[in-house]
Amino acid sequence: MNISKQTIEKLYTTRNLSDEELLSLLACDTWDALLFSLADKVRRSVYGDAVYIRGLIEFSNFCKNNCYYCGIRAGNTGATRYRLSPEEILSCCKEGYRLGMRTFVLQSGEDPFYSDELLCHIITNIKSNFPDCAITLSVGEKSRESYQAYFDAGAARYLLRHEAAADALYNRLHPASMSASGRRQCLKDLKSIGYQVGAGFMVGAPFQTLSDLIHDLRFLQSLDPDMIGIGPYLTHSQTPLHMHENGSLALTLRLLAILRLMFPHALLPATTALATVAPDGREKGLKAGANVIMPNLSPVSVRQLYDIYENKNCTGAESAQCSDILRIQIEKAGYRMVTDIGNVKRPL
Ligand code: SF4
């Protein structure tokens, strides 16, 4: 079907479109400029010009899983593995706090080395040293009891990309030991416990169709997350899917704008993948509706080792230590860097 200006205005006013309209919109670049300007208008009406900064600490690249697209999958014997000790993690937080950050994102592969007891100890330790900071976890699929224990220890936010809401696509990207329904259940558990929850997916993943993306949008509508992380699929040579091309910047930006219009209150990161796929990817992401950036706070010696995909951008403005470069980039794009805790702004 043909997309008209009225279709975009309908998305802006009703925050929704039919499947058929969304499919046509995803396939069409004619209205990108209007989409981006309306997304920017909505984002400014909820969050003003703020771009929230979160310090990202990638504390282990061990993972028991074997997602077919991921460079740190268990089956990649070529990966150089590392783990950070609780003391090293705390010292990353100290550095981040010194730089003004008030949110720390603790991310890892699914690494059984970090028992619930150890993770809770790490969380408690950070909270007691930095009580004015928020802790976001991104450590994969766990039992409801484990999620509850981390929450009780002081973690308030959790990122778990659902990756693909369509079962058939999910199953082509993951081994049989993993399931889309299991992942969705984890997100529901996290929400019911009281976390601010983030879901998300890769754009342009191998085998992904535009219909699969409609499944993702509908799943997000049913979950109503606080954060939505999307980025282009980026290939890694040491994975079974190495022959597939990277996802497209244009489609990722269009989806970011659609997400901003459908979820006005959501925290949407301009991801490192976006900054990796194009030098100005992050600025374009901000202008399409994104309002979060997560610079890397991990020790410099391990940053390149957390290579879910190759050629990861983790220096310059991607590095927490280069916050002046980042601030200038954000201001040049027309926004303001904010290092405070930056909670989601849900309508009352
Ligand atoms: S995508 Fe996540 S769960 Fe899958 S192998 Fe990579 S780190 Fe592990």
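**Helices against the sheet**

Reader: What makes helix α10 a helix that lies across β6 and β7?

Author: Helix α10 (residues 249–262) lies across β6 (196–203) and β7, at about 165 degrees to β7. Contact here is C-beta atoms, placed from the backbone, within 7 Å. Angles run from 0 to 180 degrees between N-to-C directions of lines fitted to C-alpha atoms, for helices over the stretch in contact. Helices (H or I, at least four residues) and strands (E, at least two) are DSSP runs, numbered from the N terminus. This is a predicted model: local features need pLDDT of at least 70, side-chain atom pairs count only at pLDDT 80 or more, and totals for chains, interfaces and linings use all residues. Residues are numbered from 1 along each chain as its sequence is written.

Reader: How do you know that β3 and β4 pair?

Author: Pairing takes at least two DSSP bridges; β3 (residues 103–108) and β4 (residues 134–138) have five, so they pair, and they run parallel. V105 has T136 as its bridge partner in β4.

Reader: Why are I89, C92, C93 and G96 of α4 called buried?

Author: Buried means 20 or more other C-beta atoms within 10 Å of a residue's own, exposed 12 or fewer, partly exposed in between, with C-beta atoms placed from the backbone. I89, C92, C93 and G96 are buried, so each reaches that 20.

Reader: What puts them on the same side of α4?

Author: Their arc, taken from the directions from the helix axis to the C-beta atoms, is only 100 degrees, so they share a side of α4. The face turned away from it carries exposed E87 and R98.

How values were computed. Contact = placed C-beta atoms within 7 Å.
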